[in-house]
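The following exercises ask the reader to examine one protein chain step by step. Each task is followed by a worked solution.

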Amino acid sequence: MDRPIAEVARMSGVTARTLRHYDEIGLLPPARIGANGHRHYGERQLLLLQQILVLRALGLGLEDIGRILAEQVDEVEALRGHLGRLLAERDRLDTLAATVSRTIAELEQSRKDGVPMTVNRPENLFEGIRPEQYQDSLRDFPEHAEQVARRVAGMSPEDVEAGQRERTARMIRLAELMTAGHPADAEAVRSEIDDQYRALTTLRPVSAEEYREIGRSCVDNPAWRTAYEAVAPGLAAFQRDAMDAYATGRLA
């Protein structure tokens with residue numbers, strides 16, 4: 001028994017528009033198209049959609065997903081491969097959560113003692129964070145992704161790591177402001193976002209609307225959302241709202 005597109009959208013949480021797009025690019029053709037033009041999906045298409053959503057959750061772009069699906073032969077083996085990726089991602093997030101928890105504990109203790117926090121192994125602050133996840137998730141902004149790729153190509157591994165540490169430090173600083181109760185348009189938050197915007201525009205000019213779109217990707221892009229939420233629940237939406245407020249107040 002096949003299911004109409006509206007029912008598949010409700011079941012999967014994927015919009016009918018997205019399902020139609022998957023069909024248009026050849027990623028997920030329906031089992032059949034009814035006389036009224038509505039798409040219908042069978043069991044095989046539902047299994048394929050599950051695989052697509054798993055790979056999207058892991059941060060892969062549609063082009064890469066299409067290549068993976070085209071290369072796979074056996075569905076069971078493919079699912080085993082996806083399960084391995086999910087378990088590896090779970091382990092990475094567990095490591096990242098432990099990293100952030102340890103940093104929070106060290107910050108709280110340093111404030112209690114009234115002394116600056118000391119880090120014996122600075123790399124511990126960045127365990128579980130993959131620099132490439134930010135580059136991969138820039139596919140929605142091809143011009144910016146191209147500039148990032150050019151810059152990274154000319155950087156040493158040490159410079160790449162230093163840049164990643166600074167990006168992570170910005171996320172933690174913003175999380176501290178959020179948990180302290182500052183609204184997204186507060187001056188302290190605006191100052192932090194200003195630093196982020198200036199760092200972003202060292203690559204190329206970014207308009208107010210594009211900056212808003214990048215902010216929305218903090219929530220809409222699975223890789224970005226996962227990274228922000230691993231630092232602090234609600235941080236992805238807070239980052240988006242702060243960027244929107246900044247674009248309205250400073251860039252418009």
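The protein chain contains 12 helices and three strands. The model is a predicted one.

**Exercise 1. The chain as a whole**

Task: Determine what share of the residues is buried, how much area the chain exposes, and what share of its contacts joins residues at least 24 apart.

Solution.
- Step 1. The chain has 252 residues, and 38% of them count as buried.
- Step 2. About 14200 Å² of the chain is exposed, and carbon and sulfur atoms supply 52% of this area.
- Step 3. Consider the contacts between residues at least 6 apart in sequence: 62% of these join residues at least 24 apart.

**Exercise 2. A covered helix**

Task: State which residues of helix α11 are buried.

Solution.
- Step 1. Helix α11 spans residues 222-231.
- Step 2. Seven of its 10 residues are buried, so that the helix is mostly covered under the rule that buried means under 20% relative accessible area.
- Step 3. The buried residues of α11 are P222, A223, W224, A227, Y228, A230 and V231.

**Exercise 3. Three residues to classify**

Task: Decide whether R170 is buried or exposed, and then classify L86 and H38.

Solution.
- Step 1. R170 belongs to helix α8, residues 157-179. Its relative accessibility is 17%, and therefore R170 counts as buried, the cut-off being under 20%.
- Step 2. Leaving aside residues up to four places away in sequence, R170 touches E192, Q196 and A199.
- Step 3. L86 lies in helix α5, residues 75-113. Because its relative accessibility is 35%, L86 counts as partly exposed.
- Step 4. Together with L83 and L87, L86 makes a nonpolar surface patch of about 240 Å².
- Step 5. H38 is located in the loop between β2 (32-33) and β3 (39-41). With 44% relative accessibility, H38 counts as partly exposed.
- Step 6. Not counting residues up to four places away in sequence, H38 touches R32 and I33. H38 and R20 are 18 residues apart in sequence, and their C-alpha atoms are 9.8 Å apart in space.

**Exercise 4. Salt bridges**

Task: State how many salt bridges the whole structure holds, and describe the pairs formed by R3 and E7, by E187 and R250, and by D241 and R240.

Solution.
- Step 1. A search of the whole structure gives 13 salt bridges. The distance test requires a side-chain nitrogen of Lys or Arg within 4 Å of a carboxyl oxygen of Asp or Glu.
- Step 2. The side chains of R3 and E7 form a salt bridge with an N to O distance of 2.5 Å. R3 is partly exposed at 26% relative accessible area, and E7 is partly exposed at 24%.
- Step 3. E187 and R250 form a salt bridge between their side chains at 3.7 Å, N to O. This pair links distant parts of the chain, since E187 is in helix α9 and R250 is in helix α12, 63 residues apart. E187 has a relative accessible area of 48% and is partly exposed; R250, at 44%, also counts as partly exposed.
- Step 4. The side chains of D241 and R240 meet in a salt bridge at 3.0 Å, N to O. D241 is partly exposed at 34% relative accessible area, and R240 is partly exposed at 28%.
- Step 5. Salt bridges with shared partners join E209, R212, R216 and D244 into one network.

**Exercise 5. Empty space inside the chain**

Task: State how many cavities of 30 Å³ or more are counted, and identify which residues line the second largest cavity.

Solution.
- Step 1. Rolling a probe the size of a water molecule over the atoms shows where empty space is left.
- Step 2. The count is two cavities of 30 Å³ or more.
- Step 3. The volume of the second largest cavity is about 30 Å³.
- Step 4. The lining of the second largest cavity consists of A184, D185, V189, R190, I193, A242, A245 and Y246.
- Step 5. The elements that contribute two or more residues to this lining are α9 (187-200) and α12 (235-251).
- Step 6. The result may be set beside Exercise 4: α9 and α12 are also the helices that hold E187 and R250, respectively.

Technical notes. Residues are numbered from 1 along each chain as its sequence is written. This is a predicted model: local features need pLDDT of at least 70, side-chain atom pairs count only at pLDDT 80 or more; totals for chains, interfaces and linings use all residues. Side-chain values use heavy atoms; hydrogens and water are left out. Patches are made of residues with over 30% relative accessible area and no salt bridge: like charges are joined within 9 Å, nonpolar side chains (Val, Leu, Ile, Met, Phe, Trp, Tyr) within 5 Å. Accessible areas come from the Shrake-Rupley method with a 1.4 Å probe; for residues, only the protein chains shown count as cover. Helices (H or I, at least four residues) and strands (E, at least two) are DSSP runs, numbered from the N terminus. Buried means under 20% relative accessible area, exposed over 50%, partly exposed in between (1.4 Å probe, protein chains only). Contact means heavy atoms within 4.5 Å. On a 1 Å grid over the protein atoms alone, a cavity is a set of points where a 1.4 Å probe fits but cannot get out, and a pocket is an open set with protein on both sides within 12 Å along at least five of seven lines; lining residues have an atom within 4 Å of a point. Grid points are joined across faces, edges and corners, and a volume is the space filled by probe spheres set on the points.
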